[in-house]
Amino acid sequence: MSLAFTKMHGAGNDFVLLDGREALPADLGPLAAELADRRFGVGCDQVLVVRHGQDSRFAMEIWNADGSRAEMCGNGIRCFAKWLYERGELGNQREVIETLGGPRWVEAAEANGRLRVTTGMGVPSFDPASLPMAPGDSTPNMTTLHVNGHAIEITGVSVGNPHAVAFIDDDVDAFPLATIGPLVEHHPTFPERTNFEIVDVTAPGELRVRVWERGAGLTLACGTGAAATAAAAIAAGRVAPGNVALDMPGGRLHVTWDGDGNEVTMQGPAATVFTGEWPA
């Protein structure tokens with residue numbers, strides 16, 4: 001017996017997608033960790049599982065590489081939508097996908113022979129309780145973390161999952177993210193851990209970003225991280241409201257946010273790498 005899977009990626013943020021609407025059990029943590037292993041498994045940042053929704057047709061489960069659950073994934077939901085679209089299960093109309101982070105809509109459209117997926121990422125929250133995050137002293141969603149000799153000023157943002165966004169003036173590629181990332185992820189300021197983004201404003205409306213993902217580590221891109229980062233940059237006046245381009249190691253994502261109370265939307269690539277069978 002074997003389990004069919006599809007390997008996909010969005011800007012290098014890679015996934016193994018499973019159809020869980022028939023026989024897969026509820027707890028896929030151990031299986032996700034096996035599949036995600038880059039030496040002995042297929043290799044991925046997260047495992048995506050197609051389930052039946054309760055109030056809509058589809059629900060997306062997200063399992064991190066360490067076997068833990070994630071609430072929402074912006075790059076993942078575009079791959080999820082592409083997989084459904086190419087099987088004729090998703091049309092050109094707006095479709096709501098259920099996630100642990102709340103319902104999110106997707107719209108798929110073909111142009112010039114390429115599929116484009118636009119995703120609603122929800123309304124960003126700067127309320128520390130929504131992450132959750134221990135409030136800062138002067139500004140509730142801003143604090144300075146002291147980790148490994150670094151004083152890092154972070155802004156807490158929730159887009160259905162928690163993010164700590166840090167703006168730096170130095171080259172983000174030189175930042176020791178592999179060392180600092182896990183310390184921020186597990187910092188007591190974030191009782192349920194956090195994703196961590198380091199950001200530099202490179203031009204008007206353009207950001208350079210690297211990400212440490214909760215439960216996955218260094219990734220080439222992060223869709224929710226892009227949404228949270230753009231919202232933090234706009235809220236702080238570092239870029240103007242509207243369209244923001246975010247360059248991550250795996251590619252460019254486009255985020256639109258018009259400011260407080262509005263939903264973030266995102267566009268970016270989604271690609272199928274290969275299909276296979278996993279022995280079960």
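Is tyrosine 85 buried or exposed? In this predicted model, tyrosine 85 is buried, because its relative accessible area is 17% and the cut-off for burial is under 20%. The residue belongs to helix H2, which spans residues 74-86. Its side chain makes a polar contact of 2.9 Å with the side chain of glutamate 110. Glutamate 110 also appears among the contacts of tyrosine 85 beyond four places in sequence. The others are Leu90, Gly91, Asn92, Ala108 and Leu115. Tyrosine 85 and threonine 179 are 94 residues apart along the chain. Their C-alpha atoms are separated by 39 Å.

Helix H3 covers residues 177-185. Its buried residues are Leu177, Ile180, Gly181, Val184 and Glu185. These residues lie on the same side of H3, because they cover an arc of only 135 degrees around the axis. In an α-helix there are 3.6 residues a turn, so residues three or four places apart point the same way. The cover over the buried residues of H3 includes strands E9, E10, E11, E12, E13 and E14. Of these, E11 spans 162-167, E13 spans 206-213 and E14 spans 217-219.

Two of the covering strands form a hairpin. Strand E9 (residues 142-147) and strand E10 (residues 150-158) run antiparallel and are joined by 6 bridges. Histidine 146 stands opposite alanine 151 in E10. The hairpin has 2 residues between the strands. Asparagine 148 takes a positive phi there, near 50 degrees.

Threonine 189 lies in the loop that follows H3 and leads to strand E12 (195-203). Threonine 189 counts as buried because its relative accessibility is 11%, against a cut-off of under 20%. The side chain of threonine 189 makes a polar contact with that of histidine 187, at 2.9 Å. Outside its neighbours within four places in sequence, threonine 189 is in contact with Pro132, Met133, Ala134, Thr143 and Leu145.

A second threonine was examined in helix H4. Threonine 229 is placed in this helix, which spans residues 223-235. With a relative accessible area of 0%, threonine 229 is buried. Residues up to four places away in sequence aside, threonine 229 touches Val165, Phe167, Glu197, Val199, Leu207, Val209 and Leu246.

Aromatic rings were considered next. The structure holds 3 aromatic pairs. One of them joins phenylalanine 126 and tryptophan 257 in a tilted arrangement. The centres are 6.4 Å apart, with 50 degrees between the planes. This pair links distant parts of the chain, 131 residues apart. Phenylalanine 126 sits in the loop between strand E8 (114-120) and E9. Tryptophan 257 is in strand E16 (residues 251-257). The two partners fall into separate burial classes. Phenylalanine 126 counts as partly exposed, because its relative accessibility is 23%. Tryptophan 257 counts as buried, because its relative accessibility is 3%.

Two tryptophan rings carry an arginine charge over them. The charged end of arginine 69 sits over the ring of tryptophan 63, at 4.8 Å from its centre. For arginine 94, the charged end sits over the ring of tryptophan 105. Here the distance from the ring centre is 3.6 Å.

Conventions: Residues numbered from 1 in each chain as written. Predicted model: local features only at pLDDT ≥ 70, side-chain atom pairs only at ≥ 80, totals over all residues. Heavy atoms only, no water. Helix = DSSP H or I, 4+ residues; strand = E, 2+ residues; numbered from the N terminus. Buried < 20%, exposed > 50% of the residue type's maximum accessible area, 1.4 Å probe, protein only. Polar contact = N/O pair within 3.5 Å; in protein donor to acceptor, adjacent residues only side chain to side chain. Contact = heavy atoms within 4.5 Å. Pairing = 2+ DSSP bridges. Arc of directions from axis to C-beta. Phe/Tyr/Trp six-rings, centres within 6.5 Å; stacked < 30°, edge-to-face > 60°. Lys NZ or Arg CZ within 6 Å of the ring centre and 35° of its normal.
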